[in-house]
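Here are a few short exercises to work through with the model open in your viewer. Try each task before you read its solution.

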Amino acid sequence: MQTALSDFVRDTPEGREADEILRKCVHCGFCNATCPTYQLLGDELDGPRGRIYLIKQALEGHAVSAKTRLHLDRCLTCRSCETTCPSGVRYHRLLDIGREVIEERAPRPWHERLLRRLLRLVLPHSGRFAALLWLGRTVKPVLPQALQRKIPPRRAGGAWPAPGRNRTMLVLDGCVQPAIAPQINAASARVLDRLGISLQRVPGAACCGAVSHHLSAHDEGLAQMRRNIDAWWPALESGAEAIVITASACATMVKAYGELLRGDPKYAEKAARVSALTRDIAEVLANEELDPLRQSAASRPRVAFHSPCTLQHAERLVGVVEQILLRLGFALTPVADGHLCCGSAGTYSILQQTLSTQLLSNKLSCLQAGKPDVIATANIGCLAHLATEANVPVCHWIELVDPQSA
Ligand code: SF4
Ligand code: SF4
């Protein structure tokens, strides 16, 4: 695709990166076929090819409007289009750059800015989110049914094994996961302990930065990334072999630290090392001997696995969790349209409720068609979103592997 970027962006690092991405796109439209929002809305501008065109126009200095912003807001950042694109167009980076420019040139009305600010003030801060969730659980009985379903029940984490194994890995607690589902990291610690690995929590490491980053508050997100690097660095220098992440969206973000901080002379090298040492919990188990984790056939439910977009389209770990579950003897039920998003997508389920609800309904139909006993997934956002309407329990797949969680 030919480009003629405008003066305001042409010679910036973002402008050069956007130009390179745009030039790779040959406008073939293959990506539209696997775009969830294009499938639902049928509008070229609600598919990747149309959004690429809108971003190109904005970067070339053409007028942008609230309508331009809306088409970009409706994008889930699911990256299904990247999996499909034969030209290797890095759509998500173009979207990051385009959203920031359009946000500046077509400012949002005050109520949208306020909501986004509130989300950034609460979600990345585990203490604030836990307090809000406590309040929600306290008043839950008097709330309307629709709101009640969105408030997850209290869960206990369970015992965390004592440290002392020969191998040590760090784990990211994250922001919302400790309050919604503390059992996920505790189950991971127990599972890895059986494989001879101590999982160590690191005080000071918190939100991966994804919430702020995806709401176009890039500097705020970068500050959270630097804070995590500072928190992990001493343990990495002392020999911890990996940073394990149990939410695929957070793993995707931490794996991008090296790229996002490459222009920061103080952090570039450390960020690259942190990204290189980051492992989704699925990658860790895939490379281990799993015999110590075998359970009796009677304790193994039939599982429908929902592969989060971040797991399959961003981390590119297609089929890895499924293989682990099959190696451990679980039966998987068939799931149609597994490449499509469930509609959770970070803050999307709050900011784009109509589309999110449609995607959730479609996804649950596919997941429940095979009559599973349980739905398993690999990301806290998908887990909480699916659980609001599912007819069967929804869990993280690592809970199935941990006998204490079963
Ligand atoms: S599939 Fe790739 S090259 Fe074709 S329109 Fe989509 S992004 Fe462009
Ligand atoms: S990221 Fe997902 S929603 Fe956005 S354009 Fe690509 S396929 Fe469509």
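**Exercise 1.** How many bridges join strand 1 (residues 167–171) to strand 2, and do these strands run parallel or antiparallel?

*Solution.* Keep in mind that this is a predicted model. Start with the pair itself: strand 1 and strand 2 are joined by five bridges and run parallel. For one example, take Leu170, whose bridge partner in strand 2 is Gln200.

**Exercise 2.** Find the order of the open sheet of four strands, then explain why one side of strand 2 and of strand 4 is left without a neighbour.

*Solution.* The order is 2-1-3-4, with parallel pairing. Strand 2 (197–201) and strand 4 (278–280) are at the edges and have a single partner strand each, so one side of each lacks a neighbour in the sheet. On average, neighbouring strands here are turned by 40° against each other, direction ignored. Now add helix 15 (residues 248–255), which packs on the sheet and touches strand 3 (243–245) and strand 4. The direction of helix 15 makes about 155° with that of strand 4.

**Exercise 3.** Trace the pairings of strand 7 (residues 374–377), beginning with strand 5 (residues 302–305).

*Solution.* Three bridges link strand 5 to strand 7, running parallel; here Ala304 has Ile375 as its bridge partner. Strand 7 is also joined to strand 8 (residues 394–396) by three bridges, again parallel. There, Ile375 stands opposite Val394. Between strand 7 and strand 8 the chain passes through helix 23 (residues 380–387), in a right-handed β-α-β crossover.

**Exercise 4.** Which residues come nearest to ligand 2?

*Solution.* Of the 13 residues around ligand 2, the nearest are Cys35, Pro48, Cys75, Cys78 and Cys81. By class, the shell has eight nonpolar, three polar and two charged residues.

Terms used:
Residues are numbered from 1 along each chain as its sequence is written. Chains are lettered from A and ligands numbered from 1 in the order in which they are written. This is a predicted model: local features need pLDDT of at least 70, side-chain atom pairs count only at pLDDT 80 or more; totals for chains, interfaces and linings use all residues. Two strands pair if DSSP finds at least two bridges between them. Helices (H or I, at least four residues) and strands (E, at least two) are DSSP runs, numbered from the N terminus. Axes are lines fitted to C-alpha atoms, for helices over the stretch in contact, and angles run from 0 to 180 degrees between N-to-C directions. Two residues are in contact if their C-beta atoms, placed from the backbone, lie within 7 Å. A residue is near a molecule or strand if its C-beta atom, placed from the backbone, lies within 6 Å of it. Ala, Val, Leu, Ile, Met, Phe, Trp, Tyr, Cys and Pro count as nonpolar, Asp, Glu, Lys and Arg as charged, and the others, Gly among them, as polar. A crossover is right-handed if, with the strands pointing away from the viewer, the path from the first strand over the helix to the second runs clockwise.
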